[in-house]
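Please walk me through the structure below, from its ligand site to its helices and strands.

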Amino acid sequence: MAKIEPNKRKPNTAPKFNIFWIYGLIALFIVGWGLFNGGGNPLEITWATFKNQIITSGDVQKVEVVNKEVVEVFLKPDKIKDWRENVEFRNIPSSGPQFVFTIGSLDKFEENMETIQMNIPDADRISPIFVKKRSLWTDVWSVFPFLMILLFTVLIFRSMSRGSGGGGGGVFNVGKAKAQMFDKDSKIKVTFKDVAGMEGAKTEIMEIVDFLRNPKKYNDLGGKIPKGALLVGPPGTGKTLLAKAVAGEANVPFFSISGSDFVEMFVGVGASRVRDLFRQAKEKSPCIVFIDEIDAIGRARGKNSGYSSNDERENTLNQLLTEMDGFGTNAGVIILAATNRADILDKALMRAGRFDRQIHVELPDLTERRDIFEVHLQRLKLDPTLDKEFLAKHTPGFSGADIANVCNEAALIAARGDKKQVERQDFLDAIDRIVGGLERRSTIISPPEKRSIAFHEAGHATVSWLLQYANPLIKVTIIPRGRALGAAWYLPDERHITTKEQLLDEMSATLGGRAAEELFLGRISTGALNDLERVTRQAYAMISYFGMSDTLGNISYYDSTGQSDMAFSKPYSDKTAQQIDSEVKELIDLAYERAKSILEEHRTQMEQLAEKLLESEVIFSEDVERILGKRPFNNTPEGVKSTESEVIDAQSEEVIA
Ligand code: ADP
Ligand code: ZN
C-alpha cells in the first residue's frame, strides 16, 4: 500500500546543464590565457628604432622571427631596468619580448641584419631564431564559423519549440507534457467557497476530496476510489473552477492541461506527452490532474476512418487509456476531465476504472445565479441599494463565466463614468453589451434604412406581445450594436422542456419582423436573414428531432452520439426527406400567416410603436404596454423540471445584415 506523505517532498535544486555554460567556459579560458601569457604587451617599434638604438646597444638577448612576419626582441633581463629609464621605453614588459615589429620580407630582413651587425664581433652577433607559433586567436578564428553555426542551430531549435506551444524549451522537449502546475505553495487558493451554486456537483466531488485527505479510511475497508471523474457541462459553467477547488480543499498539487495540448503535428508526440504527464503526476502524488476539453483527444475512435481519420489522436487516446489502467487505485493521482460533449467521447473512457463518474454541471438557475453574483460582487464597490435578485433575473441563460464578465464590465463602465460606486444601470449596460456586443452609434444609417429597421423591430415587439407563449419583451432598440442593426430583448423563461405551443409562438414572433416589413413597407429586405435562419432550424428540429409532425409521427432522427455524419448519409429515405421538407414549409408558412394576421389586426398600434421607436430609438416594455395594452395573459413559468436538456434555445438578439 502506498504511503502518502504530502508534506515530504524534496525540492529539486540540482543545477541543470545549460549550453551557455560552455560559452562561459570558453570565454574564461581566453581571458585567462591572455593574462597568464602576457604580463604586458611588447612595445611596437619601427625598423629604424631597432637598427639605431636597440640592436647596436649590445643589450639584446635574442631575436625571434615568428611565423616569418613578426620580429620579437628580447632584452637581457638585467638590462631591462636601465632601458626603462628612457621615457620612450618606460612601459616595456619585464617578461616575454620587449619589442615587436613586422617585416615585409624575410630575405630582406636577414640581409639587413647582416649589414647592421657588420662592425660587431662575431661572438656578439645576434642571429635571428625562426619560430612558428600558433596564436590562440588564429585558433579561435578558425573555429569561429563552426561556433556560429552551432549557436544558430541551437537558437533556431529553441525558437521552433517555443513557437509550437512554449514552455518546452528545446526541440528535444516536444514530448514533454505542458501541464500547468499549481503547487501547494503557489498563490492560487480556490476553495468550495469560491464556487457558487453547483450543490449537486459539489457533494459528488466532495468524496474525492475526502479520499485525498484521508485515504486510509477507504483503503482499510477495501474500497476502491474512482480514478477519475468527468465534469460535463457547457463552457463557462465553472468546471475548471470546481477542479481547482478540489485541489485547494484537499491541499494537493494540481496539474492543469488542455486536451488540445496533446495534439501536435509530430507523430507520437501526443502519446509521449500523456506518458510524461502521468510520470510527473506520480512524482507529485497525491495530486489532481485536470484535463480540460478532453473531447479533443477522447472522441470515439475509428467510426468514420474512411476519411478524416486521425491516427495520431487515436494513439494519444490509447495511451491515455493505458495510463489510466496502469496506475494503481491507490497511487493517489485523480484525474478530472471536463467536456461539453460527453456524448461523443469514446465509450472506453467511461468504462469502470477510468472516468467511471460523470458529474453534470448545468447552466445556473435563478438562485444559483444570485449566488454567483454574490461571489463576484464581493470585489466591487457597490451601490448599497443594488438588488442581486434583480441582476439574477436579468441574466437568464448566462453561465458563471458570463456573470463574472458582467461584474467586471459593470465596474469598467462605472469607472468610465467617473462614478464612485457601481450602480444598477452599469450592470444593465454590461448585460446588454455582453448579449449584443458594443453599441455602434457611429454607424451611419440612412433614413429609409432606419425606417425599415424600426418597422421590423416593432413587428417583433407587437407579435411577441400578443402571443401567449412568446418570451416577455424587455426592450426594443434600433441602435446598432455588435453586428446587429436593431434588436428586441426578451427575458426567456427558465424552462427545461418546451411545448409545441411555445415553439410555435416563438416562431411567429421571430417572423414578426419580416411580416411587418411586408405589410407596412410593401417590400421585404435582407434584414430578416438571422430570423429566417433561426426559424428554419427550429422547424427542422421540431419535425425531425422532436417528433412534432402529425404525418411523420413520433420519430426522431436526432443523433446524440454525433458520430454518424448526417451530411453524407441520411437515416431516412428520399420520400421521408421530401415529407420533412414539406412539413417544415407548412409549419413556417403557418407561423408567418399568424404573425401577419396579428399585425393586420393591430395596424394602428403597430404603426404607433414604429414611430415611437424611430423617435426615441429605444422603447421599453412600459411603452409597449401603453400602446398595445396589458398583455392579456400572465404566463409564469410552469416550473417543470426534467433532465432532458433543451437542444433549441430561443435567444434574444438578431442580426440585420
Ligand atoms: P469551464 O471550465 O466550465 O469552461 P471555468 O471554470 O473556466 O469554466 O469558469 C470561468 C470563470 O467563471 C471562473 O473563473 C469563475 O470566475 C466564473 N465562474 C463560473 N462558474 C462559477 C461558479 N459556479 N461560481 C463562481 N464563479 C464561477
Ligand atoms: Zn428580426
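**Ligand site, a helix and a sheet**

Ligand 1 is surrounded by 16 residues, of which Ala-196, Gly-236, Lys-239, Thr-240 and Leu-241 come nearest. The model is a predicted one, and the distances that follow are computed from it. The side chain of Thr-240 places a polar atom 2.4 Å from an oxygen atom of ligand 1. The backbone also takes part: a polar backbone atom of Lys-239 is 2.8 Å from an oxygen atom of the ligand, and a backbone N or O atom of Gly-238 lies 3.1 Å from an oxygen atom of ligand 1.

Helix 9 covers residues 269-283. Its 15 residues, at 1.5 Å a residue, should span 21 Å, and the end C-alpha atoms are 21 Å apart, so expectation and model agree. Eleven of the 15 residues are buried, that is, under 20% relative accessible area, so helix 9 is largely enclosed by the rest of the structure. Among the buried residues are Val-269, Val-274, Leu-277 and Phe-278, and also Arg-273, Asp-276 and Gln-280.

Further along the chain there is an open sheet of three strands in the order 13-12-14, with antiparallel pairing. Strand 13 (487-490) and strand 14 (618-620) are the edge strands, each pairing on one side only. From one strand to the next the twist averages 15°. Strand 12 (residues 473-477) is joined to strand 14 by three bridges; in one of the pairings Val-476 of strand 12 has Ile-619 of strand 14 as its bridge partner. Helix 17 (residues 447-466) lies across strand 12 and strand 13, and runs at about 165° to strand 12.

Terms used. Residues numbered from 1 in each chain as written. Chains lettered and ligands numbered in written order. Predicted model: local features only at pLDDT ≥ 70, side-chain atom pairs only at ≥ 80, totals over all residues. Heavy atoms only, no water. Pairing = 2+ DSSP bridges. Helix = DSSP H or I, 4+ residues; strand = E, 2+ residues; numbered from the N terminus. Axes fitted to C-alpha atoms, helices over the stretch in contact; angles between N-to-C directions. Contact = heavy atoms within 4.5 Å. Expected span 1.5 Å × (residues − 1). Buried < 20%, exposed > 50% of the residue type's maximum accessible area, 1.4 Å probe, protein only. Near = heavy atom within 4 Å. Polar contact = N/O pair within 3.5 Å; in protein donor to acceptor, adjacent residues only side chain to side chain.
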